[in-house]
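Subject: the model I promised

Hi,

Here is the structure we talked about, with my notes underneath. Have a look at it first, then read on.

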Amino acid sequence: MSQMEVSKRRRFLLFCFLPTTILVSGAFLLGSVIIATDYKERLSGQIAINATKIAGAKVCQAHCRPDDGEALPRGIVSRTSDLDMRSLRGPLIREAATKSQSTMAADGKKRGTSTNLLAIAAGIKQKESVNKIVTKFRSSDFVIMLFHYDGMVDDWRDLEWSSLAIHVSAMDQTKWWFAKRFLHPDIISEYDYIFIWDEDIGVEHFDVGKYISIIKEEELEISQPALDPNNSVVHHLLTLRDSTSKVHRRIHRRLGVRKCDGNITGPPCSGWVEIMVPVFSKAAWRCAWLMIQNDLIHGWGLDELLGYCVKGNRTQNIGIVDQEYVAHHAVPTLGGSPKDQTNPHVPDQAAQNMTLPNSILQVPSVSTQEMERDEVMKRCFYELRIFRRRWHKAVQDDECWVDPY
């Protein structure tokens, strides 16, 4: 083949395959662009979906999901309860939030759902006193709860209201031991006011309905009825009844070396109640319950710090109700005191820091027959020292906490 023919063949092949090569290359480039664009669109969409899922997860985390309830849908989680008894038979009555529904009592009569709680540490020797207290509260919308520290539950069955009360029994335990274990705020969150009383209280001059009206009107989150000065053992002058007043929140007088004047706005001059007959709002009790130490069963020292459990100013939202007052008989029970003694009590809590007149503060001497009771009192003072140390350490260790007082 001549050189001329070879040259012609090369030009022919070039003219034939060049357009095809260009078309194939163009198609490849165009396909790459389309694929890259589609991938970017898909990737952007997936990123957006993932971002939405992450945002949704953060929103879910931001909601207050119940503890230990992550495995459950939120609508089925029931965080609170109450102490109202329920019938074993008949239709299920769902109570309205306003508690306007009625429930069936054991005697077959309808009663309103209870909105308050009375809890008393009770021994059989104080059965008559406790019966008088409960009888005063029965006509109101109260759940009654007895903490039996002597194990004698069956001996209360003859009382008309006993079958409607909740009975909890543990030998030789105190009111605050029971309260820490059986009055968790989530269990009693349905109750507006929680009365946690001793058993040796005289209620001849006390009307619970009027009392609740007063503390609502005065906006008292923590309160107590005043003590009858003629029939009570009194440890703190602040708790004495002022017959000229409906409610008082402080005193203006000298207490030993301490003078209660306008410069002192804390316990025991103001913002303070005694732990024998305290009354808490539900919000105040939630705070107070947290402050009760699990191992310190006598509750000494709590009264000094309850002011931190009210909203606003403790000098305004803690008070003593004079119009509805009680008597404090101070009959010792735990510790095995003799039967013939009716008043072998010593001052508690802040009383050790003040001097009261003999006509007000009765402190009989401790005999050898009261050795067991004496050991109980030593334990009380020991717990008080521990509680104060824990409080001071907690204040020092918590850099974020600011003392409002």
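Let me begin in a loop: Pro268 sits between strand E11 (258–259) and E12. The peptide bond that leads into it, from Pro267 to Pro268, is cis, with omega near 0°. Bear in mind throughout that this is a predicted model.

**Confidence**

The mean pLDDT of the protein chain is 79, and 67% of its residues reach 70 or more. Strand E12 (residues 279–281) has the highest confidence, at a mean of 98, while strand E1 (residues 102–104) has the lowest, at 39. Two stretches deserve a flag. Over residues 95–111 the pLDDT is below 50, and in the model this stretch has 27 contacts beyond near neighbours in sequence. Residues 336–364 are also below 50, with 68 contacts counted in that way. Where pLDDT is low, the predicted coordinates should not be read in detail.

**The chain as a whole**

You'll find 8 helices and 13 strands in the protein chain. Of its 405 residues, 42% are buried. The accessible surface comes to about 23400 Å², and carbon and sulfur atoms account for 55% of that. Take the contacts between residues at least 6 apart in sequence: 73% of them join residues at least 24 apart.

**Two helices and the core**

Helix H3 (residues 175–182) is mostly covered, with 6 of its 8 residues buried. Which ones are the buried residues of H3? They are Lys175, Trp176, Trp177, Phe178, Ala179 and Lys180, so two lysines are on the list by name. The cover over them includes strands E3 (116–122), E4 (142–148), E5 (166–169) and E6 (193–197), along with helices H5 (282–291) and H6 (302–305).

H5 is worth turning to next. Its buried residues are Ala284, Trp285, Ala288, Trp289 and Met291. These cover an arc of only 155° around the axis, which puts them on the same side of H5. Their cover includes H3, E6, strand E8 (222–227), E12, H6 and helix H8 (371–397). H3 and H5 therefore appear in each other's lists of cover.

Trp285 is a good residue to centre your view on. Leaving aside neighbours within four places in sequence, Trp285 is in contact with Trp176, Ala179, Leu183, Pro185, Ile188, Ile194, Ile196, Phe280 and Ile292. Trp176 and Ala179 are among the buried residues of H3. The largest nonpolar core has 89 residues, and Trp285 is one of those with the most contacts inside it, together with Phe137, Leu183, Phe195 and Trp197.

**A buried glutamate**

Glu383 is in helix H8. Is Glu383 buried or exposed? At 1% relative accessibility, Glu383 counts as buried, because the cut-off is under 20%. A polar atom of its side chain lies 3.0 Å from the backbone nitrogen of His298. Beyond four places in sequence, Glu383 is in contact with Asp295, Leu296, Ile297, His298 and Gly299.

**Positive phi in two loops**

Glu219 is not a glycine, yet its phi is positive, at about 55°. Glu219 is found in the loop between helix H4 (208–217) and E8, and at 59% relative accessibility it counts as exposed. Ala330 has a positive phi too, near 55°, and is likewise a residue other than glycine. Ala330 lies in the loop between strand E13 (318–328) and H8. With 1% relative accessibility, Ala330 counts as buried.

**Ser140**

One more stop: Ser140, in the loop between helix H2 (127–138) and E4. How far apart are Ser140 and Asp207 in space, C-alpha to C-alpha? The distance is 9.9 Å, although 67 residues separate Ser140 and Asp207 in sequence. Not counting residues up to four places away in sequence, Ser140 touches Val208 and Gly209. Ser140 counts as partly exposed, since its relative accessibility is 23%.

Over to you.

Technical notes. Residues are numbered from 1 along each chain as its sequence is written. This is a predicted model: local features need pLDDT of at least 70, side-chain atom pairs count only at pLDDT 80 or more; totals for chains, interfaces and linings use all residues. Side-chain values use heavy atoms; hydrogens and water are left out. Buried means under 20% relative accessible area, exposed over 50%, partly exposed in between (1.4 Å probe, protein chains only). Helices (H or I, at least four residues) and strands (E, at least two) are DSSP runs, numbered from the N terminus. Contact means heavy atoms within 4.5 Å. A nonpolar core is a set of buried Ala, Val, Leu, Ile, Met, Phe, Trp, Tyr and Cys residues joined through side-chain atoms within 4.5 Å. pLDDT is the predictor's confidence in each residue, from 0 to 100. Accessible areas come from the Shrake-Rupley method with a 1.4 Å probe; for residues, only the protein chains shown count as cover. The arc is that of the directions from the helix axis to the C-beta atoms. A polar contact is a pair of N or O atoms within 3.5 Å; within protein, one must be able to donate a hydrogen and the other to accept it, and residues adjacent in sequence count only if both atoms are side-chain atoms.
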